[in-house]
Amino acid sequence: MLITHGRIATFGQNPQVIEDGAICIAGDQIIAVGPTAELKARYPETEQLDADGQLVLPGSICAHTHFYGAFARGLAIPGAPARNFVEILQKLWWRLDRALDEESIRLSALVCLVDAIRNGTTTLIDHHASPGLIDGSLDICAEAIAHSGLRVCECYEVTDRNGLEGAQAGIAENTRFARQLAARPNPLLAAAFGLHASFTIGPETLERCVAEAQSLGLGFHVHVAEDNADELDSETKYGQRVGEHLSAKGVLGEKTLSAHCVHVNQHEIDLLAKTNTKVSHQPRSNMNNAVGTAPVQKMLDSGVCVGLGNDGFSNNMYSEMKAAYLAHKSAARDPRAMPGDTVLRLAYENNARIAALFWPRPLGEIAPGAYADLVFLDYFPYTPLTAGNLPWQIIFGVDGTHVTTTMVGGRVLMRDRVVLALDEERIAAQARAIAPQVWQRFEAISLREG
Ligand SMILES: [Zn+2]
């Protein structure tokens, strides 16, 4: 396929904006990028897709999300409002995840996948939990993902909060899914080994996870120091900070993705850097949970690869970029904090490095050899758009609502705002139909537990 007449922002090592540019795609990858006239002459026989002057960007990458949380939208939480992060988990997430059954896991994933296609988020790293149905839950997600055509890494969050049996089942699900994927590879799917967080996993379970993940060659996807409660728990139980504890146990490492790291101190940051552990930053979630502001600049300055996720917020990564841009300025009371180019470094360059843990070809850039994961946006800038000012054009001008066309691995998933890969209306109707049942189960669990 030859995409023609786009305003192409390439990103990558040598970022350029190509006016009236073209992209030639063969199979699932990009084979050439250049002026439309030149590529048309070089590939005269290739089927053309006219971008008609739209902005063409690499698809967005979300480094940390939770498809399972979709039914929280509009959900009434009984009792007094949660006063802190741990209460938010107890009153909302640790009840909602137990209310999920096969159909709600499937639809939870599907509504998020539709949202991702609409907003041009083409790669997502998901962290799944459904304690009422653990065995096979990742297959339910994987089937939805396969229909969507998006690029997704899955894992099951191991925790001791549902007893030994729940922990064992979580370990088994990660293992089963990873083995199955290795036996029957799907180029769009990947696996990590999911852990909830240090404060809900005892030392024995953690040791079993490390042994299992090592034998499978998998890295971890784990929440780290999201709230200070995680640090206090670790200091009380182990006399160590969370980062020190996880490092000593062998959880940190170059294949490991640690979400949040809001409360890590300089020593923990040094451990993250030394082990080349990846970090994902979720400013909208951090603000919503009032857990604090992650030391993103400190981590970057110390050599940590920090990317950007949504933690289950909308799959509009342009919104997450805006939130990152604003949150740090507000927290630091310094307009120089978190400049636009740093935000884009998290969202594109660093997210691409995180995605490289799971997929062999480059993502987050438009270059020969990279996956053809692209979005068209009907954003027509009213000031000159250059490689130099692109971060600020995106932060102040671009939103997910501009996305008209979404492509993953050369397959068009949405064209002119019509989602082709999934039946959007049917999925929303099915989700609406079962949501009252999910909410009833949630309410019953809440009433039982007070
Ligand atoms: Zn999370």
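**A walk around the zinc site and a small inner space**

The chain averages a pLDDT of 98, and 100% of the residues score at least 70; pLDDT is the predictor's confidence in each residue, from 0 to 100. This is a predicted model, in which local features need a pLDDT of at least 70, side-chain atom pairs count only at pLDDT 80 or more, and totals for chains, interfaces and linings use all residues. Residues are numbered from 1 along each chain as its sequence is written, and side-chain values use heavy atoms, with hydrogens and water left out. Among the elements of the chain, strand 14 (residues 306-308) has the highest mean pLDDT, 99, and helix 2 the lowest, 95. Helices (H or I, at least four residues) and strands (E, at least two) are DSSP runs, numbered from the N terminus.

Let us turn to the metal. The zinc ion has as its protein donors His64 (NE2), His66 (NE2), His223 (NE2) and Asp311 (OD), lying 2.1 to 2.2 Å from it. Donors here are N, O and S atoms within 2.8 Å of the metal (3.2 Å for Na, K and Ca); water is not among the atoms, so sites may look incomplete. Along the chain, the donors follow the spacing H-x1-H-x156-H-x87-D. One pair links distant parts of the chain: His66 sits in the loop between strand 6 (60-65) and helix 2 (85-96), while His223 belongs to strand 11, 157 residues apart.

Why is the arrangement around the zinc ion irregular? The four donor atoms subtend angles of 91 to 168°. Four donors count as tetrahedral if all angles lie between 85 and 135 degrees; four count as square planar and six as octahedral if opposite donors are over 155 degrees apart and all others between 65 and 115; anything else is irregular.

Are these two histidines buried or exposed? His66 is buried, with a relative accessible area of 9%, and His223 is buried as well, at 5%. Buried means under 20% relative accessible area, exposed over 50%, and partly exposed in between (1.4 Å probe, protein chains only).

His223 also helps to line the largest cavity, together with Phe85, His196, Ala197, Phe199, Val224, Ala225, Glu226, Asp227 and Asp230. Strand 10 (193-197) and strand 11 (220-224) are the elements that give two or more residues to this lining. About 40 Å³ of space lies inside. A cavity is a set of points on a 1 Å grid over the protein atoms alone where a 1.4 Å probe fits but cannot get out, and lining residues have an atom within 4 Å of a point.

Notes. 1 Å grid on protein atoms, 1.4 Å probe; cavity = no way out; pocket = protein on both sides within 12 Å on 5 of 7 lines; lining within 4 Å. Points joined across faces, edges and corners; volume = space filled by probe spheres on them.
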